[in-house]
Amino acid sequence: MADARPAPAVVTPAAGPGGAYKVVIVGTGFSGLGMAIALKKAGAHDFVVLEKADEVGGTWRENTYPGCACDIMSLLYSYSFEPKADWSRMFPRQEELLRYIKDIVGKYELAQHIRFNAEVTGAEYDDATDTWRVTVNDDEAVRGRALVAGMGPLHHPSIPDLPGLSSFAGRTFHSAEWDHSYDLTGKRVAVIGTGASAIQFVPQIAKRVGHLTVFQRTPPWILPKPDRRITGVERTLFRRVPAVQRGYRNGIYLVQESFVLGFKNPRLLKAASSLAKWHLARQVPDRDLRRKLTPGYTMGCKRTLVSSDYYPALMRPNVELSTEAVAEVRERSIVTRDGRAHDVDAIIFGTGFHVTDAFDGAHIVGRNGLKIQDAWKDGIEAHLGVAVAGFPNLFLLLGPNSGLGHNSMIFIIEAQVRYVLQCLAMLDAAGGARISVKPSVQDRFNQWVQRKSEGAVWVAGGCDSWYLDRNGVNRAAWPASTLNFWLRTRRLDPGDFQIERTVPRDETAGSAL
Ligand SMILES: Cc1cc2nc3c(=O)[nH]c(=O)nc-3n(C[C@H](O)[C@H](O)[C@H](O)COP(=O)(O)OP(=O)(O)OC[C@H]3O[C@@H](n4cnc5c(N)ncnc54)[C@H](O)[C@@H]3O)c2cc1C
């Protein structure tokens with residue numbers, strides 16, 4: 001159905017059991033908003049989006065550190081159905097992405113569906129009414145016939161448990177919780193971690209701080225970043241001939257996608273690793289520094305990064321790269337294993353996010369009191385990153401093994417949203433109350449995921465990455481091409497799910513769509 005369908009002026013709970021919404025969505029990042037748009041396009045307006053913050057945007061609202069930008073080009077890192085002809089740069093910066101998201105919320109009139117400052121603190125499936133009882137801010141219950149979780153794969157900052165950290169008297173913060181009130185000018189600053197965020201903010205703060213020590217555990221593979229302004233001529237062309245923009249987008253997609261061949265067969269990444277080594281050699285003439293910055297693992301094992309200003313920042317006289325492990329933090333210093341004390345005023349953590357353990361503390365209870373931690377006692381897994389056996393009508397977006405290290409996550413989000421919509425449509429068509437993935441289907445799928453991961457670069461590449469859980473099992477990365485993912489999610493196989501009718505049809509809140 002066309003998205004022009006008028007939306008109701010106010011959102012009212014459906015007349016179902018306990019005043020349940022048809023769908024409760026969590027999160028206003030690309031996932032949650034993508035789901036909301038898809039529902040509206042399908043003519044379903046009885047949904048609510050719960051957002052813990054006071055603004056939309058997800059990743060691009062939270063991460064405001066200096067230099068924050070996307071590693072995927074703007075023409076690709078955007079919804080396929082919402083091309084933006086006037087991107088200012090090849091690689092969008094945080095502010096522009098946030099503006100894009102806000103514009104979409106306006107265009108699709110989503111604001112009236114969103115409840116801000118509404119943190120989901122628990123969700124329990126109520127077998128008696130076949131609804132999800134979603135707890136908001138610990139004290140309010142919102143019911144939904146279906147629950148779509150778009151809480152973000154990279155949302156909970158991970159801070160290492162360094163001995164003595166609590167005794168540090170200076171300022172500490174994580175890159176995703178940047179303290180803009182703290183003036184770094186002239187300060188002695190330590191940055192812990194050299195991942196995707198750190199290599200973006202280090203060049204920005206290096207110019208301002210008095211002294212910067214970057215503590216590196218593992219050097220990332222870094223390719224040059226071909227960023228530039230998108231010219232007025234290009235923008236006019238995109239506006240007047242949308243096919244040109246689609247062509248750019250498809251071209252970028254194919255280049256990104258070519259990396260996946262190398263993830264299974266690292267020899268194919270030789271050209272890319274040679275380019276990265278050339279980039280390093282060209283930007284870092286100092287042999288000793290170059291040695292420290294040369295990765296000792298296969299490219300792709302961790303997310304491959306792009307930057308043209310990180311290495312030059314490390315060459316600055318006020319910047320030092322320390323490859324010694326941190327032994328302890330004292331009141332005013334960081335002491336490394338070699339016994340050296342680095343005096344610092346502030347510590348900034350560029351240490352990424354909880355990923356495979358993000359649900360450890362979550363209160364999500366499925367059928368017959370099944371806790372998500374019990375369902376996942378051997379590791380987190382879902383069918384296509386979306387459905388978990390024992391948790392009817394629950395749909396994860398960017399759930400286990402649907403993350404990418406080489407392409408736009410929005411591609412996966414769109415595929416999953418389409419898949420969820422099909423699940424809801426199938427539930428309606430069957431007049432059912434519950435739709436659940438069959439345990440055998442989930443098992444078969446995850447055996448395939450692990451077979452595909454064997455020998456692949458994430459597992460066998462010689463590094464420790466956020467794709468792996470504490471047992472070294474790949475729980476985060478999609479182990480094949482995005483085309484493969486698209487094909488698997490394009491058409492729902494009805495045999496993969498079981499539908500149950502447990503309450504009489506006329507007692508339910510009507511159709512899910
Ligand atoms: C710094 C950074 C750079 C990145 N760069 C890239 C890139 O270059 N390319 C790429 O493809 N991907 C990148 N990503 C991944 C990025 O997270 C995804 O591309 C995408 O934005 C995820 O969207 P999402 O909606 O699933 O999650 P998010 O954008 O994280 O949104 C989740 C939302 O859910 C809300 N929420 C969470 N928990 C609750 C709760 N309990 N109750 C209520 N609301 C809740 C959050 O407040 C947030 O608004 C990057 C991530 C980070 C952190």
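Asn393 sits in the loop between α10 (372-375) and β20 (394-396). Its phi is near 60°, a positive value in a residue other than glycine. Asn393 counts as buried, at 0% relative accessibility. The model is a predicted one. The points below take up a second loop residue, the nonpolar cores, two core-related residues, helix α12 and the ligand.

**Another loop residue with positive phi**
- Asp130 is a residue other than glycine, yet its phi is positive, near 55°.
- The loop that holds Asp130 runs between β4 (120-126) and β5 (131-136).
- Asp130 has a relative accessible area of 3%. Buried means under 20%, so Asp130 is buried.

**Nonpolar cores**
- The largest nonpolar core has 123 residues.
- Which of its residues touch the most other members? They are Phe30, Ile205 and Leu212.
- Helix α11 (residues 409-429) gives the most to this core, contributing 13 residues.
- A second core is separate and has 23 residues. Val26, Trp132, Val142 and Ile372 are among them.

**Leu212 and its contacts**
- Neighbours within four places in sequence are left aside here.
- Leu212 is then in contact with Val189, Val191, Val202, Ile205 and Ala206.
- Asn318, Val319 and Glu320 are also in contact with Leu212.

**Val202 in helix α4**
- Helix α4 (residues 198-206) contains Val202.
- Is Val202 buried or exposed? Val202 is buried, with a relative accessible area of 0%.
- Leaving aside neighbours within four places in sequence, Val202 is in contact with Val191, Leu212 and Val214. Tyr310, Ala313 and Leu314 also contact Val202.
- Val202 and Ile37 are 165 residues apart along the chain. Their C-alpha atoms are separated by 37 Å.

**Helix α12**
- Helix α12 covers residues 439-453, which makes 15 residues.
- At 1.5 Å a residue, α12 should span 21 Å. Its end C-alpha atoms are 21 Å apart, so the expected span and the model agree.
- The buried residues of α12 are Val441, Gln442, Phe445, Asn446, Trp448, Val449 and Ser453.
- Seen down the helix axis, these buried residues fall within an arc of 150°, so they line one face of α12.
- What do the buried residues of α12 pack against? Their partners are β21 (434-437), α13 (457-460) and α14 (482-490).
- Arg444 and Arg451 are exposed. They lie on the face of α12 turned away from its buried side.
- Gly455 follows α12 and has a positive phi, near 75°.

**Around the ligand**
- There are 35 residues around the ligand.
- Which of them come nearest? Ser31, Glu51, Thr59, Asp71 and Tyr77 do.
- Asp71 has a polar backbone atom 2.6 Å from an oxygen atom of the ligand.
- Tyr77 uses its side chain: a polar atom there lies 2.6 Å from a ligand oxygen atom.
- Phe30 has a backbone N or O atom 3.1 Å from an oxygen atom of the ligand. Phe30 is also one of the residues that touch the most other members of the largest nonpolar core.

Note on methods. Residues are numbered from 1 along each chain as its sequence is written. This is a predicted model: local features need pLDDT of at least 70, side-chain atom pairs count only at pLDDT 80 or more; totals for chains, interfaces and linings use all residues. Side-chain values use heavy atoms; hydrogens and water are left out. Helices (H or I, at least four residues) and strands (E, at least two) are DSSP runs, numbered from the N terminus. The expected span of a helix is 1.5 Å times one less than its number of residues. Buried means under 20% relative accessible area, exposed over 50%, partly exposed in between (1.4 Å probe, protein chains only). The arc is that of the directions from the helix axis to the C-beta atoms. Contact means heavy atoms within 4.5 Å. A nonpolar core is a set of buried Ala, Val, Leu, Ile, Met, Phe, Trp, Tyr and Cys residues joined through side-chain atoms within 4.5 Å. A residue is near a molecule or strand if one of its heavy atoms lies within 4 Å of it. A polar contact is a pair of N or O atoms within 3.5 Å; within protein, one must be able to donate a hydrogen and the other to accept it, and residues adjacent in sequence count only if both atoms are side-chain atoms.
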